[in-house]
Amino acid sequence: MEMLMEIFVITFCFLRHQHVNAVPCTHHYNCTEICTPNANLVSKTQFESFLSTTFTGSRASYNTLVPPRADLSVVQVNMSFDLLQVIDFNEVAGTLEIVGFLTLLWNDELVDDSFDEVDHGSLTKFLIPENYIWKPPVSVFNSVKAIIPIADSTYHVRVQMGYTTCIKNDSNEGTITKTLIKEVPLVTWKPGINSKSACFIDVTHFPFDSQECVVRFISFGHPSTEVKFNALEPEVNLTDYQENMEWTLDSTAITVEEIDGSSFILVKLKFTRRPLYFVVNLVTPILILAVISTLVFLLPGNSGERIGYSVTAFLTFAVYLTMISDNLPKTSDPMSTLCYFLMCMVAISAGTAFVTIFTLRIFHKDEKKMVPNWLSNLIGCLNCKICSEDEFEDPEYPVNFELQKRGKIDTRSIVTTDSDEEHTRKWGVDWKLVASTLDMLFFLVFIGLNAIVCVIFLVPLLAQMNT
């Protein structure tokens with residue numbers, strides 16, 4: 001009877017103060033098993049004793065050189081990544097520098113080998129410096145500096161040990177059995193990283209381009225048969241992420257792959273450039289220069305500034321080409337569409353300077369030299385002189401022309417007073433008129449060329465802004 005009362009009191013105390021699970025025994029109807037997870041109740045002396053026995057003592061049972069498996073089987077490492085900031089994205093060097101931290105979790109079967117509940121209390125979780133426990137040597141595989149493990153003596157590792165106490169009360173046999181069920185300890189490690197990794201840059205659509213960079217993590221020196229990565233989350237955690245002023249982070253992904261027997265975990269980051277700065281400082285001035293450079297044909301031929309104006313426009317295009325080249329990788333595949341556009345603008349500007357020199361040479365040609373008939377006919381046609389009422393006007397003989405119009409003078413009887421008949425100007429065309437007509441013609445031609453080049457190169461670029 002006293003034994004039954006004792007059993008009742010013990011059961012009542014557990015039901016009142018603990019979260020319990022009452023489980024019927026397998027073979028007895030009058031048998032009840034109560035299991036309670038242990039709380040983290042441990043004294044300082046007990047914790048120091050556990051650390052000395054397991055990690056820090058001269059006869060510590062734990063060896064950081066031994067993988068955390070009793071049978072040396074593969075260690076499954078679960079990993080996630082938290083991105084804090086993009087420090088620098090250098091398109092010229094092809095590097096991406098980021099700051100964040102990893103979260104790695106794995107089971108360590110050797111941590112609690114020396115644990116004893118009597119000597120060490122009810123210890124379920126604790127922190128310990130990372131140097132005292134085995135951890136996977138995680139490295140950034142595509143680092144531009146060095147492939148070295150991520151580690152720091154100031155980092156700590158959190159160990160969580162799960163213990164459940166079960167009390168079995170068998171009323172048929174009149175016995176009470178207390179058992180301790182141990183779970184495999186879970187290790188959590190959160191190292192911070194400041195990584196500068198290589199990234200392939202595609203500047204085809206600069207400055208409306210998008211880039212995708214991949215940061216590859218590997219447990220260097222361990223094949224996938226020893227250490228294998230698993231992704232905790234399919235995407236990067238951006239809770240504490242600070243926006244970059246030049247790039248917008250569009251999407252992220254975390255994937256796992258195996259290459260040459262090694263397990264890799266890939267952190268993919270997709271960025272889109274904020275183009276407004278380059279539109280204002282590069283694209284818009286180039287379009288304005290393209291229009292201004294063609295206005296050289298509207299300057300008077302005797303102004304004396306036409307060649308200087310066209311050469312200045314050509315050199316300005318060359319300066320902008322240098323500015324764009326400084327912001328792009330030194331590679332031929334792929335090249336930026338904007339570079340091809342600017343090269344066409346430079347070629348058109350050079351053509352403008354060449355044609356300006358040509359028309360100035362015609363403008364200042366000796367007036368005593370006769371304009372060829374074919375050229376006079378062409379210029380007369382372009383200036384609508386052939387179809388006008390004064391199509392037979394000869395400026396050398398204005399009086400005879402009036403009589404000629406009235407039919408009072410036979411045009412065959414007109415005799416020139418100048419012995420040099422070759423100096424007669426047909427349709428009133430002289431070299432200055434030839435030069436001014438060519439100026440207007442080339443003005444329209446180069447305006448059209450600029451428009452065609454802009455449509456060919458800039459329209460596809462602007463279309464990328466909406467994709």
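Here is a short conversation about how some helices pack in this predicted model.

User: What kind of model is this, and how are residues numbered?
Analyst: This is a predicted model, where local features need pLDDT of at least 70, side-chain atom pairs count only at pLDDT 80 or more, and totals for chains, interfaces and linings use all residues. Side-chain values use heavy atoms, with hydrogens and water left out, and residues are numbered from 1 along each chain as its sequence is written.

User: How are α4 and α6 oriented to each other?
Analyst: Helices here are DSSP runs (H or I, at least four residues), numbered from the N terminus. The axes of α4 (residues 276-294) and α6 (residues 337-363) come within 10 Å and cross at roughly 20°; axes are lines fitted to C-alpha atoms over the stretch in contact, with angles from 0 to 180 degrees between N-to-C directions. Angles under 35 degrees count as roughly parallel, over 145 as roughly antiparallel, 65 to 115 as roughly perpendicular and the rest as oblique. The two helices are therefore roughly parallel.

User: How many residues of the contact of α4 with α6 are nonpolar?
Analyst: Val283, Ile286, Leu287, Ala290 and Ser293 of α4 touch Leu338, Phe341, Leu342, Met345 and Thr352 of α6, where contact means heavy atoms within 4.5 Å. Ala, Val, Leu, Ile, Met, Phe, Trp, Tyr, Cys and Pro count as nonpolar, Asp, Glu, Lys and Arg as charged, and the others, Gly among them, as polar. There are two polar and no charged residues in this contact, and the nonpolar ones number eight.

User: Which residue caps the N-terminal end of α6?
Analyst: A side-chain oxygen of the capping residue lies 3.1 Å from the backbone nitrogen of Leu338. That residue is Ser336.

User: Are α4 and α9 roughly parallel or roughly antiparallel?
Analyst: Their axes come within 9 Å and cross at roughly 165°. In α4, Leu287, Ala290 and Thr294 meet residues of α9 including Phe443, Phe446 and Ile447. The angle therefore makes α4 and α9 roughly antiparallel.

User: How many polar residues are in the contact of α7 with α9?
Analyst: The axes of α7 (residues 373-382) and α9 (residues 431-464) come within 10 Å and cross at roughly 55°, so these helices are oblique to each other. Leu375, Ile379 and Leu382 in α7 meet Trp431, Leu433, Val434 and Thr437 in α9. By class, this contact has six nonpolar residues, no charged ones, and a polar count of one.

Notes: Polar contact = N/O pair within 3.5 Å; in protein donor to acceptor, adjacent residues only side chain to side chain.
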